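Thank you for sending the model for comment. The structure is shown first, and the remarks come after it.

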Amino acid sequence: MTSAGSPGPDWAADAIDPQIPSPARIYDYFLGGFANFDIDRRIAARLSAILPDAARIARANRALLRRVVRHMLDAGIDQFLDLGSGIPAAGSVHEMAWAVNPLARVAYVDIDPVAVTMSRRQLGADPRATAVRGDLIEIDEILENAQIRGVLDFRRPIAALLIGVLHRVHDDVAAERLGARLYEVMAPGSRFAISQIGRADDGDRGERIQAVNRIVIGKADRLRSPAEIAALLSRFTLVPPGVARVSAWHAEPEQPAPAPPVLDGYVAVGLRE
């Protein structure tokens, strides 16, 4: 285990305290990644004890990202703004986009320095993509960032992705402003995808969600109902099927179909007309 005063692994950014867990690194661990510390793995074990489905939920979220990116590509969009992108894993947005369109452009944004360091390392000096550190609350700074503006052309349609992140934004005014500012700067034909943990609607789901969140980040998440998620996209036109469960949204045909994870969030995509 790396101590706070010892040199960290070569993927770690400077000034990271390996004794403080990170949601991004815990998610990386559940996806089978290596960019995580002992503290993250210990928290992951505690999460799994409370919620045995935790790793499956992470994989379901990753599968949703693949379906969303494919949806955007099918809609003819070749620019992606991935907000709260996390630590890169197999099937990152740029990998999926470039497999279909080698000219696609991708900008990653995350508040976690490890996520940004790893993304930059993976991307190298490729002019088609960039990774910057940013806080979703400060959406103006993100949209005005020179690196992002150097990669994305806001005069053309853009796919903004907010996958598995919005429940971390507790401030409803900030969440509403995020969607409003994206709408203002996006060209017609752009799309904005949101997914997050939903408001509990059965059994002890709410208590289990919040127990998990208090372990990871020390506070409960902001759970939202389908109506609240739709309201965040009120300026956009909802793309069919509207607000849906993560497991059901553009689900891939399988035989037999897998049961949804115990904590199955909501997802919606809005079109900027």
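The numbered points below deal with the overall fold, the cavities, selected buried residues and the salt bridges.

1. Overall architecture. The model under review is predicted. Its protein chain contains 10 helices and 8 strands. Of the 273 residues in the chain, 52% are buried. Among contacts in the chain with a separation of 6 or more, 70% are made between residues 24 or more positions apart.

2. Cavities in general. How many cavities of 30 Å³ or more does the structure hold? There are 2. The largest cavity encloses about 60 Å³, and the second largest has about 30 Å³ of space.

3. The largest cavity. The lining is formed by Arg62, Leu65, Asp82, Ser85, Gly86, Ile87, Pro88, Ala89, Ser92, Val93, Tyr108 and Ser119. By class, this lining comprises 6 nonpolar, 4 polar and 2 charged residues. Val93 and Ser119, both in the list above, come up again in the points on helix 4 and helix 5: Val93 is one of the buried residues of helix 4, while Ser119 belongs to helix 5.

4. The second largest cavity. Its lining consists of Leu162, Leu166, Ala175, Leu178, Gly179, Phe192, Ile194 and Leu232. Two elements, helix 8 (172-185) and strand 5 (191-196), each give two or more residues to this lining. Helix 8 gives the most, with 3 residues. The lining of the second largest cavity divides into 7 nonpolar residues, 1 polar residue and no charged residues.

5. Ser119 in helix 5. Is Ser119, a residue of helix 5, buried or exposed? Ser119 has a relative accessible area of 4%, so this residue counts as buried. Apart from neighbours within four places in sequence, Ser119 is in contact with Gly86, Pro88, Tyr108 and Ala131. Gly86, Pro88 and Tyr108 also belong to the lining of the largest cavity. Ser92, a further lining residue, is separated from Ser119 by 27 residues in sequence and by 9.5 Å in space, C-alpha to C-alpha.

6. The surroundings of helix 4. In helix 4 (residues 93-100), the buried residues are Val93, His94, Met96, Ala97 and Trp98. The elements that cover these buried residues include helix 3 (54-74), strand 1 (79-83), strand 2, helix 5, strand 3 (129-133) and strand 4 (159-163).

7. Asp112, a buried acidic residue. Asp112 is located in the loop between strand 2 (105-110) and helix 5 (113-123). Although buried, Asp112 has no salt bridge. Which side chain of opposite charge is nearest to Asp112? That side chain is Arg25, 4.4 Å away. A salt bridge requires the nitrogen and carboxyl oxygen to be within 4 Å. Residues up to four places away in sequence aside, Asp112 touches Ser22, Ala24 and Arg25. I would ask the authors to describe this site explicitly.

8. Salt bridges in general, and Asp126 with Arg128. The structure holds 12 salt bridges. In one of them, Asp126 is paired with Arg128, and the closest N and O atoms are 2.7 Å apart. Arg128 counts as partly exposed, at 23% relative accessibility.

9. Asp140 and Arg177. These two side chains form a salt bridge at 2.7 Å, N to O. Because Asp140 lies in helix 6 (residues 139-143) and Arg177 in helix 8, the pair ties together parts that are 37 residues apart in sequence. Asp140 is partly exposed, with a relative accessible area of 22%. Arg177 is likewise classed as partly exposed, at 38% relative accessibility.

10. Asp172 and Arg224. A salt bridge joins Asp172 to Arg224, with 3.0 Å between the closest N and O atoms. This pair links distant parts of the chain, 52 residues apart: Asp172 is in helix 8, and Arg224 is in the loop between helix 9 (205-217) and helix 10 (226-232). What is the burial class of each partner, Asp172 and Arg224? Asp172 is partly exposed, with a relative accessible area of 29%, whereas Arg224 counts as buried at 1% relative accessibility.

11. A salt-bridge network. Asp140, Arg177, Arg181, Glu184 and Arg235 are joined into one network by salt bridges that share partners. The network thus deserves to be described together with the Asp140 and Arg177 pair, whose side chains meet in a salt bridge between helix 6 and helix 8.

How values were computed
Residues are numbered from 1 along each chain as its sequence is written. This is a predicted model: local features need pLDDT of at least 70, side-chain atom pairs count only at pLDDT 80 or more; totals for chains, interfaces and linings use all residues. Side-chain values use heavy atoms; hydrogens and water are left out. On a 1 Å grid over the protein atoms alone, a cavity is a set of points where a 1.4 Å probe fits but cannot get out, and a pocket is an open set with protein on both sides within 12 Å along at least five of seven lines; lining residues have an atom within 4 Å of a point. Grid points are joined across faces, edges and corners, and a volume is the space filled by probe spheres set on the points. Ala, Val, Leu, Ile, Met, Phe, Trp, Tyr, Cys and Pro count as nonpolar, Asp, Glu, Lys and Arg as charged, and the others, Gly among them, as polar. Helices (H or I, at least four residues) and strands (E, at least two) are DSSP runs, numbered from the N terminus. Buried means under 20% relative accessible area, exposed over 50%, partly exposed in between (1.4 Å probe, protein chains only). Lys and Arg count as positive and Asp and Glu as negative; His and the chain ends are not counted. Contact means heavy atoms within 4.5 Å.
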